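Student: Could we go through how the labels for this molecule are justified? I would like to see each value set beside its rule.

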Amino acid sequence: MTAQSTQLPIRMISRVVHGFGRGSKDLGIPTANVSLDKDTLKCSIDDYDALPTGIYWGFARIGEPSVDLSQGKGDAGGQSVLGRVYTTAISIGYNPTYNNKEKTVEPHLIAEPDHPQRHASSTGETQFQDFYGKTIVLSVVGFIRNELPFEGLDKLTEAIKKDINDAVNLANGSEPFIIAERTWVKTASDV
Ligand code: ADP
Ligand code: RBF
Ligand code: MG
C-alpha cells in the first residue's frame, strides 16, 4: 500500500538500529534504520503493517533536544549531528533491488549545503559519525515516488541522489504544514 496524502504526515519516535550495512558500503548513502520493535516504536499509525511503502521526504532529529543543545554548542564548530533538525529522504518498504523479506523505514539525513559533512560519503552525499542506538524523531511529510527494483547499484544510487535533491527542494517550502512538522521534530517527546 502506498500512502495517500491523507495519511501524511506520519510521525515516529524510535531508536536507530543496525541494518545490513549496505547503505554506506554499496551505495555511499547511509540510512538510519528505524527500530520497528513494538516496545520501542511510537508512531502516529498504530498498525505496523499499515505503514505505506514508498520514497518520501521529511524531517529527522537524532538524540534528545535538551542534551543535544549543549553538545551542539560545546563541540568543534557546533557541527554535531545531535539535536538538530535535518531534511531527510526516506525509504519505507522492502528495497526491491535487494528483495528484503522485512519492511524497513530508512531515512538518509541531509546536511545543510555548507556543512563539512554534506559531501563526505563515497558518492558525495552526507556522511556523519555513526549514531546507532540513539533516539530518532522522524516526520514523513510528503510522497516522492514508489520504490522500484533497479538493474544495478549505479542506477539505484543515481535515483536516490535525485530523491535527495527533490527532498531538499520540497522541504524548503514555507507552507504552514511544512513549518509545523519541522517544529514538531525539533521539540517532540511524544507522537
Ligand atoms: P545500516 O545497514 O546498519 O543502516 P548504513 O550503511 O545504512 O548501515 O549506515 C547507517 C548508519 O550510518 C546510521 O545508523 C548512522 O549511525 C550513520 N549515518 C552517518 N551519516 C548518516 C546520514 N547522513 N543519514 C543516516 N545515517 C547516517
Ligand atoms: N531501494 C530499492 O530497492 N529501490 C528503491 O527505489 C529505493 N529507493 C530509495 C530511496 C531513498 C531516498 C533511500 C534513502 C533509499 C532507497 N532504497 C531503495 C533503499 C536502499 O536499497 C537501502 O537504503 C540500502 O540497500 C541500504 O539498506
Ligand atoms: Mg541503513
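Student: Which residues come nearest to ligand 1?

Tutor: In this predicted model, Gly19, Gly21, Ser24, Phe131 and Tyr132 come nearest, out of 22 residues around ligand 1.

Student: What makes the approach of Gly21 to ligand 1 a polar contact?

Tutor: A backbone N or O atom of Gly21 lies 2.6 Å from an oxygen atom of ligand 1. The cut-off for a pair of N or O atoms is 3.5 Å, so this pair counts. Gly19 also has a backbone N or O atom 2.8 Å from an oxygen atom of ligand 1.

Student: How much of ligand 1 does the protein cover?

Tutor: On its own, ligand 1 has 570 Å² of accessible area, and the protein covers 97% of that.

Student: Why are 11 residues of the shell around ligand 1 called polar?

Tutor: Gly is counted as polar, as are the residues outside the nonpolar and charged lists, so 11 fall in that class. The shell also has nine nonpolar and two charged residues.

Student: Now ligand 2: how do you know that Arg22 makes a polar contact there?

Tutor: A polar side-chain atom of Arg22 lies 3.4 Å from an oxygen atom of ligand 2. That is within 3.5 Å, so the pair qualifies. For Thr97, a polar side-chain atom lies 2.8 Å from an oxygen atom of ligand 2.

Student: Which elements give two or more residues to the shell around ligand 2?

Tutor: They are helix 1, strand 5 (85-93) and helix 3 (153-171). By class, that shell has nine nonpolar, five polar and five charged residues.

Methods:
Residues are numbered from 1 along each chain as its sequence is written. Chains are lettered from A and ligands numbered from 1 in the order in which they are written. This is a predicted model: local features need pLDDT of at least 70, side-chain atom pairs count only at pLDDT 80 or more; totals for chains, interfaces and linings use all residues. Side-chain values use heavy atoms; hydrogens and water are left out. A residue is near a molecule or strand if one of its heavy atoms lies within 4 Å of it. A polar contact is a pair of N or O atoms within 3.5 Å; within protein, one must be able to donate a hydrogen and the other to accept it, and residues adjacent in sequence count only if both atoms are side-chain atoms. Accessible areas come from the Shrake-Rupley method with a 1.4 Å probe; for residues, only the protein chains shown count as cover. Helices (H or I, at least four residues) and strands (E, at least two) are DSSP runs, numbered from the N terminus.
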